[in-house]
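Me: I'm new to this structure and would like to start small. Please take a close look at the aromatic ring pairs with me, and tell me about whatever they lead on to.

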Amino acid sequence: MVYAVWIVILLAAVLIDLFTSNMLFVWFGAGAVLAIILNVFEFSIGIQTVAFALTGSILTLVFYPIFKKKLKEIPKTIPREEQFLGKTFVAEDDIIDKTQIMIDGTYWSAENSGDVIKKGQQYKIVEIKGIKLIIKGI
């Protein structure tokens with residue numbers, strides 16, 4: 001019956017790391033696997049607990065810094081709207097205040113932060129507020 005506790009700890013450790021992407025608790029999952037093996041060979045709960053704690057702690061101390069460094073090296077994905085910052089476009093209609101603009105086949109809410117932008121005039125995306133693109137005529 002004690003093995004069920006170790007299985008729950010193992011699953012919790014793996015799930016926490018899957019949802020947080022920290023690679024911190026999975027090492028205690030490895031300790032839980034060792035405790036399950038010790039349980040199968042009928043070692044006492046004390047030995048299982050010590051093996052779990054030592055294995056989890058040692059693996060965390062050794063491997064967590066390595067994985068933390070590797071995870072920092074993964075390039076961050078830039079949200080689509082942030083890729084538009086600083087780019088210029090041509091107005092399809094006059095833009096006085098708030099409007100909808102089409103960029104790459106998608107309509108975006110936009111707000112003019114400067115003077116009226118006339119049809120055919122270029123404008124630049126200068127900021128993003130929530131899901132709204134802030135534009136300014138050039």
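Reply: One bit of vocabulary before we dig in: a residue is buried if its relative accessible area is under 20%, exposed if it is over 50%, and partly exposed in between. Bear in mind, too, that this is a predicted model.

On to the rings. There are seven aromatic pairs here. Take Trp 27 and Phe 63: their ring centres sit 5.2 Å apart with the planes at 25 degrees, so this pair is stacked. Planes under 30 degrees apart get that label. Trp 27 belongs to helix H2 (residues 26-40) and Phe 63 to helix H3 (residues 45-72), so the pair ties together parts 36 residues apart in sequence. Trp 27 has 12% relative accessibility, so it's buried, while Phe 63, at 32%, is partly exposed.

Right beside Trp 27 in the sequence comes Phe 28, which has a pair of its own. Its ring and that of Phe 52 have centres 5.9 Å apart and planes at 55 degrees, so they count as tilted. H2 and H3 turn up again: Phe 28 lies in helix H2 and Phe 52 in helix H3, 24 residues apart. Phe 28 is partly exposed, with a relative accessible area of 25%, whereas Phe 52 is buried, at 16%.

Some of the rings also join up as a group. Phe 84, Phe 89, Trp 108 and Tyr 123 are linked by ring pairs into a cluster. Follow Trp 108 and you land in a sheet: Trp 108 is in strand E3, where it is the bridge partner of Ile 101. Strand E2 (residues 98-103) and strand E3 (residues 106-112) run antiparallel and are joined by six bridges. Two residues lie between these strands in the hairpin, and Asp 104 takes a positive phi near 50 degrees there.

Now zoom out to the whole sheet. It is open, with five strands in the order E1-E4-E5-E3-E2 and mixed pairing. E1 (88-90) and E2 stand at the edges with a single partner strand each, so one side of each has no neighbour in the sheet. From one strand to the next, the twist averages 45 degrees.

Further in, strand E4 (residues 122-129) and strand E5 (residues 132-137) pair antiparallel over six bridges. To find that pairing for yourself, look for Lys 124, whose bridge partner in E5 is Lys 136. While you're there, remember that side chains in a regular strand alternate between the two faces of the sheet.

Technical notes: Residues are numbered from 1 along each chain as its sequence is written. This is a predicted model: local features need pLDDT of at least 70, side-chain atom pairs count only at pLDDT 80 or more; totals for chains, interfaces and linings use all residues. Side-chain values use heavy atoms; hydrogens and water are left out. Rings of Phe, Tyr and Trp (its six-membered ring) pair if their centres lie within 6.5 Å; planes under 30 degrees apart count as stacked, over 60 as edge-to-face and the rest as tilted. Helices (H or I, at least four residues) and strands (E, at least two) are DSSP runs, numbered from the N terminus. Buried means under 20% relative accessible area, exposed over 50%, partly exposed in between (1.4 Å probe, protein chains only). Two strands pair if DSSP finds at least two bridges between them. Axes are lines fitted to C-alpha atoms, for helices over the stretch in contact, and angles run from 0 to 180 degrees between N-to-C directions.
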